[in-house]
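The following paragraphs guide the reader through one protein structure, step by step. The sequence and the model are shown first.

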Amino acid sequence: MACGDRASKPPPTPAGEDEEGAVADKALHVLGFEFTGISAREVAGRLPVTGTCCQPFGVLNGGVSALVAESLASVGAYMASGGRRVAGVQLSVNHLRPARLGDLVQAQASPVQPGRSIQVWEVQIWRADPSTGERMDLVSTARVTMLVASSPLRPEEMTSHEATIKKYAKL
């Protein structure tokens, strides 16, 4: 089956969306990513590999893996910093094995160094058995360096985002 065959179908509605339609990460939501856990020590989720996130050869696009890695590290750094603004300043991704159209992948991010001004996060993405959720092959691994703002002040638009993140977080 070619990648384009499923491109017209919308992704499933992932968990992590509340009744008002707020999501923890809009870009991941569009791809069908579902957060399964959010805390300062771990951020996890899963993504069905659809035509929307495949390259023309029917495998998960490396840019999608990079997006997953930076997004999970950003959410984790935000939680670990107590709600401060964070920004990715370095991302390194190693693509080890392909995830193919129709596969399910799981991602997990954990802090290597949860510092006050710089945080480093490790993110791993695996192919998973869709019926059991058991991890199979490691698809990619990433290291993400996050800058944490020194000021606790956040713009007003962050208020609703913060509420959405905390709604799904393990506090």
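In this predicted model, strands S4 and S5 pair in the antiparallel sense over 10 bridges. The two are joined by a hairpin of 3 residues. Across the pairing, Pro-111 stands opposite Trp-121 in S5. On to the next strand: S5 and S6 also pair in the antiparallel sense, over 10 bridges, and here Ile-125 faces Ser-140 in S6. The hairpin of S5 and S6 has 6 residues between the strands, and within this hairpin Gly-133 takes a positive phi near 80°.

Strand S5 is mostly covered, with 9 of its 11 residues buried. Ile-118, which is found in S5, counts as partly exposed because its relative accessibility is 38%, a value between the limits of 20% and 50%. Together with Val-89 and Leu-147, Ile-118 makes a nonpolar surface patch of about 240 Å².

The polar side chains of S5 deserve attention next. Glu-122 lies in this strand, and its side chain makes polar contacts with the side chain of Thr-141 at 2.6 Å and with that of Arg-143 at 2.8 Å. The pair of Arg-143 and Glu-122 is also a salt bridge, with the closest N and O atoms 2.8 Å apart. This pair links distant parts of the chain, since Arg-143 is in strand S6 and Glu-122 in strand S5, 21 residues apart. Arg-143 itself counts as partly exposed, at 39% relative accessibility.

What forms a salt bridge with Arg-127? The partner is Asp-137, and the closest N and O atoms of the two are 2.8 Å apart. Arg-127 lies in strand S5 and Asp-137 in strand S6, so the salt bridge ties together parts that are 10 residues apart in sequence. Arg-127 counts as buried because its relative accessibility, 18%, is under 20%, whereas Asp-137, at 28%, counts as partly exposed. Salt bridges that share partners join Asp-103, Arg-127 and Asp-137 into one network.

The count of salt bridges comes to 4. One of them is formed by Glu-34 and Arg-46, whose closest N and O atoms are 3.1 Å apart. Here too distant parts of the chain are linked: Glu-34 is in strand S1 and Arg-46 in strand S2, 12 residues apart. Arg-46 has a relative accessible area of 31% and is therefore partly exposed. Side chains of opposite charge can pair when their charged atoms come close.

Attention now turns to the interior. The largest nonpolar core has 34 residues, and those with the most contacts inside it are Phe-33, Phe-35, Ile-38, Leu-47, Val-68 and Leu-72. Among the elements that give two or more residues to this core are helix H1 (26-31), helix H2 (62-80), strand S4 (104-114), strand S5 (118-128) and strand S6 (135-148). Helix H2 supplies the largest share, 9 residues. In soluble globular proteins, nonpolar side chains tend to be buried together.

After H2 comes a loop that leads to strand S3 (86-95), and Gly-82 has its place there. Gly-82 is exposed, because its relative accessible area of 57% is over 50%. Although Gly-82 and Arg-116 are 34 residues apart in sequence, their C-alpha atoms are 9.8 Å apart in space.

For the chain as a whole, there are 3 helices and 6 strands, which follow the pattern α-β-β-α-β-β-β-β-α along the sequence. Of its 171 residues, 43% count as buried.

Conventions:
Residues numbered from 1 in each chain as written. Predicted model: local features only at pLDDT ≥ 70, side-chain atom pairs only at ≥ 80, totals over all residues. Heavy atoms only, no water. Core = buried A, V, L, I, M, F, W, Y, C linked by side-chain atoms within 4.5 Å. Buried < 20%, exposed > 50% of the residue type's maximum accessible area, 1.4 Å probe, protein only. Helix = DSSP H or I, 4+ residues; strand = E, 2+ residues; numbered from the N terminus. Patch = residues over 30% accessible without salt bridge, like charges linked within 9 Å, V, L, I, M, F, W, Y side chains within 5 Å. Areas by Shrake-Rupley, 256 points an atom, 1.4 Å probe, with all protein chains shown as cover. Salt bridge = Lys/Arg side-chain N within 4 Å of Asp/Glu carboxyl O. Pairing = 2+ DSSP bridges. Polar contact = N/O pair within 3.5 Å; in protein donor to acceptor, adjacent residues only side chain to side chain.
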